[in-house]
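Work through the following exercises with the sequence and the 3D view side by side. Each task is followed by a solution that proceeds step by step.

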Amino acid sequence: MTSLPSSTARNRARQRQIQLAKRRRALAIVILLLLGVGFVGVRSVPIPTSLRQLRTLRQLQKTVWVSHPEPLAMSGGDPYVRALMRTISAAESNINQPYHVLYGGELVAKLNHHPDICIEIVAGPNQGRCTTAAGRYQFLTTTWQEKARQYHPKSSSWFGGWGDYSFDPESQDLVVYYWLKDSSAWNLDIPAALRDGRLDEVLKRLSGTWTSLGYGIESNTMTARLPRIYENLLREELELGSSGQLP
């Protein structure tokens, strides 16, 4: 078999390399688009420029996505508020273990208290800083301590005086539930607004706390889907008849 001239062989080899690079680039774009859909407050995922960012991206790729936010750990309560809580988590922690997730997708096993682990932010206006966001509602450590003192079901017990509040799934839910029900915290009666069909007003009011809800600088591609997600979840909560006694 006659060998090709060296220049022709080099050109063909170069073309193969170009085609392979294009395929890899296309695959990377698809992965990034998938990862950009409403995950744990990550608004976009840039091409990694450091080893730490690369590890974070790989962790994101390993995350198991869910198409439907799982039911709350707590039982009972206003179905409108329950649906709102699950909608918040659709934008903030859309994976199959939301109560255990840290910013970036890593999971923690123990929830006896807030993990308080500061992880580098790899995208958005706060890139380069670190965040302690954790759990289904991505509580910062300071926010959790503040709100747990007000709304935690065991806030009056002795360990509450030391700020060592349990971060178990039910407690995460209950703190957010009572916080959302407190009209003085938001200058808005959220349950009444939801019953009046004023979801946009509610999301706008909450967006200063959960920026992925829209109306801010860190919306993601899940944001536009939230009204439809809320409608579906509210229908489900109403069918389940979840209203009942809370701790």
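A polar contact is a pair of N or O atoms within 3.5 Å; within protein, one of them must be able to donate a hydrogen and the other to accept it, and residues adjacent in sequence count only if both atoms are side-chain atoms. The model is predicted, so local features need pLDDT of at least 70 and side-chain atom pairs count only at pLDDT 80 or more, whereas totals for chains, interfaces and linings use all residues. Residues are numbered from 1 along each chain as its sequence is written, and side-chain values use heavy atoms, with hydrogens and water left out.

**Exercise 1. Confidence**

Task: State the average pLDDT of the chain, and describe residues 25–48 in the same terms.

Solution. Begin with the scale: pLDDT is the predictor's confidence in each residue, from 0 to 100. The chain averages 78, and 65% of the residues score at least 70. Next, turn to residues 25–48, where pLDDT stays under 50 although the model has 64 contacts beyond four places in sequence for them, a contact meaning heavy atoms within 4.5 Å. The stretch 60–64 also has pLDDT below 50, with 12 contacts beyond near neighbours in sequence. Where pLDDT is low, the predicted coordinates should not be read in detail.

**Exercise 2. The setting of His152**

Task: Determine where His152 is found, whether His152 counts as buried or exposed, and which backbone atom of Lys154 its side chain reaches.

Solution. First, locate the residue: His152 is found in the loop between helix H4 (141–151) and helix H5 (169–181), where helices (H or I, at least four residues) are DSSP runs numbered from the N terminus. Second, assign its exposure: buried means under 20% relative accessible area, exposed over 50%, and partly exposed in between (1.4 Å probe, protein chains only). His152 has 3% relative accessibility and therefore counts as buried. Third, follow the side chain, which reaches the backbone nitrogen of Lys154 at 3.0 Å, while a polar atom of the His152 side chain lies 2.9 Å from the backbone oxygen of Ser166. Finally, leaving aside neighbours within four places in sequence, list the contacts of His152, which are Trp144, Lys147, Tyr165, Ser166, Ser171 and Val175. Of these, Trp144 and Lys147 are among the buried residues of H4, and the buried residues of H4 pack against H5 and H6.

**Exercise 3. Aromatic pairs**

Task: Classify the pair formed by Phe139 and Trp144 and the pair formed by Tyr177 and Tyr178.

Solution. A pair of aromatic rings is described by the distance of the centres and the angle of the planes. Rings of Phe, Tyr and Trp (its six-membered ring) pair if their centres lie within 6.5 Å; planes under 30 degrees apart count as stacked, over 60 as edge-to-face and the rest as tilted. The whole structure holds 7 aromatic pairs. In one of them, Phe139 and Trp144 are 5.1 Å apart, centre to centre, with 70° between the planes, which is edge-to-face; both residues are buried. The ring centres of Tyr177 and Tyr178 are 5.6 Å apart and the planes are at 75°, so this pair is edge-to-face. Tyr177 is buried at 4% relative accessible area, whereas Tyr178, at 25%, counts as partly exposed. To finish, note that Phe139, Trp144, Phe167, Trp179, Trp186 and Trp210 form one aromatic cluster.

**Exercise 4. Helix H8 and the core**

Task: Find which residues of H8 are buried, and what covers them.

Solution. Start with the buried residues of H8, which are Leu199, Val202, Leu203 and Leu206. Seen down the axis of H8, they fall within an arc of 95° and so line one face of the helix, the arc being that of the directions from the helix axis to the C-beta atoms. Their cover includes H3, H5, helix H6 (183–186), helix H7 (190–195) and helix H9 (226–240). By contrast, Arg205, also placed in H8 (residues 199–206), is partly exposed at 34%, and the backbone oxygen of Asn187 lies 3.0 Å from a polar atom of its side chain.

Then widen the view to the largest nonpolar core, which has 51 residues, Leu84 and Leu206 being among those with the most contacts inside it. Such a core is a set of buried Ala, Val, Leu, Ile, Met, Phe, Trp, Tyr and Cys residues joined through side-chain atoms within 4.5 Å. H3 gives the most to this core, with 8 residues.

Key
Helices (H or I, at least four residues) and strands (E, at least two) are DSSP runs, numbered from the N terminus.
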